[in-house]
Amino acid sequence: MAIPITLEFSGGAELLFNNVKKHDVELQDTQKWTISNLLIWIKENLLKERPELFIQGATVRPGILVLVNDTDWELMGELEYEIQPMDRIVFISTLHGG
């Protein structure tokens, strides 16, 4: 049984994912999925270039907002949030070069 979710990247973050903003993915139900292990999965399966602009240590880089079903992930438990089927997880970069 797989867990279907939608991942979205915007604010420039999509440039790290071959300029694809929306990804409908199915996570294999072989473990309890949290945002923490989702980030590892994203890095290994979707991230195409410059991982240092998206991941820093075990979390997202400062300046990337994370929303779970339109709610700030800080209110949802951040890395420990347990992903549910049909969740929509959005990563928005607030970093802009200049």
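This passage describes the sheet, the helix packed on it and the salt bridges of a predicted model.

The sheet is open and has 5 strands. Their order is β2-β1-β7-β5-β6, and the pairing is mixed. Strands β2 (22-28) and β6 (71-72) stand at the edges. Each has a single partner strand, so one side of each is left without a neighbour in the sheet.

Strands of a sheet pair through backbone hydrogen bonds, in either the parallel or the antiparallel sense. Both senses occur around β7. Strand β1 (residues 2-10) pairs with β7 (residues 88-93) in the parallel sense, over 5 bridges. Within this pairing, Leu7 has Ile89 of β7 as its bridge partner. Phe9 is matched in the same way with Phe91 of β7. Strands β5 and β7 run antiparallel and are also joined by 5 bridges. Here Ile64 has Ser93 of β7 as its bridge partner.

Thr6 is another residue of strand β1. Its relative accessibility is 15%; because buried means under 20%, Thr6 counts as buried. Leaving aside residues up to four places away in sequence, Thr6 touches Lys22, His23 and Asp24. Thr6 also touches Asp87, Arg88 and Ile89.

Helix α1 (residues 35-45) lies across β1, β2, β5 (64-68) and β7. The helix runs at about 70° to β1. Its buried residues are Ile35, Asn37, Leu38, Leu39, Trp41 and Ile42. An α-helix has 3.6 residues a turn, so residues three or four places apart point the same way. The buried residues of α1 pack against β1, β2, β5 and β7, and also against β3 (55-56) and β4 (59-60).

The structure holds 3 salt bridges. In one, the side chains of Glu8 and Arg88 meet at 2.9 Å, N to O. This pair links distant parts of the chain, with Glu8 in strand β1 and Arg88 in strand β7, 80 residues apart. Arg88 also meets Asp70 in a salt bridge, at 2.7 Å, N to O. Asp70 sits in the loop between β5 and β6, 18 residues from Arg88. Salt bridges that share partners thus join Glu8, Asp70 and Arg88 into one network. Arg88 is partly exposed, with a relative accessible area of 29%. Asp70 is exposed, at 57%.

Another salt bridge is formed by Arg50 and Glu52, whose closest N and O atoms are 3.6 Å apart. Arg50 is partly exposed, with a relative accessible area of 47%. Glu52 is likewise partly exposed, at 42%.

Conventions: Residues are numbered from 1 along each chain as its sequence is written. Side-chain values use heavy atoms; hydrogens and water are left out. Two strands pair if DSSP finds at least two bridges between them. Helices (H or I, at least four residues) and strands (E, at least two) are DSSP runs, numbered from the N terminus. Contact means heavy atoms within 4.5 Å. Axes are lines fitted to C-alpha atoms, for helices over the stretch in contact, and angles run from 0 to 180 degrees between N-to-C directions. Buried means under 20% relative accessible area, exposed over 50%, partly exposed in between (1.4 Å probe, protein chains only). A salt bridge is a side-chain nitrogen of Lys or Arg within 4 Å of a carboxyl oxygen of Asp or Glu.
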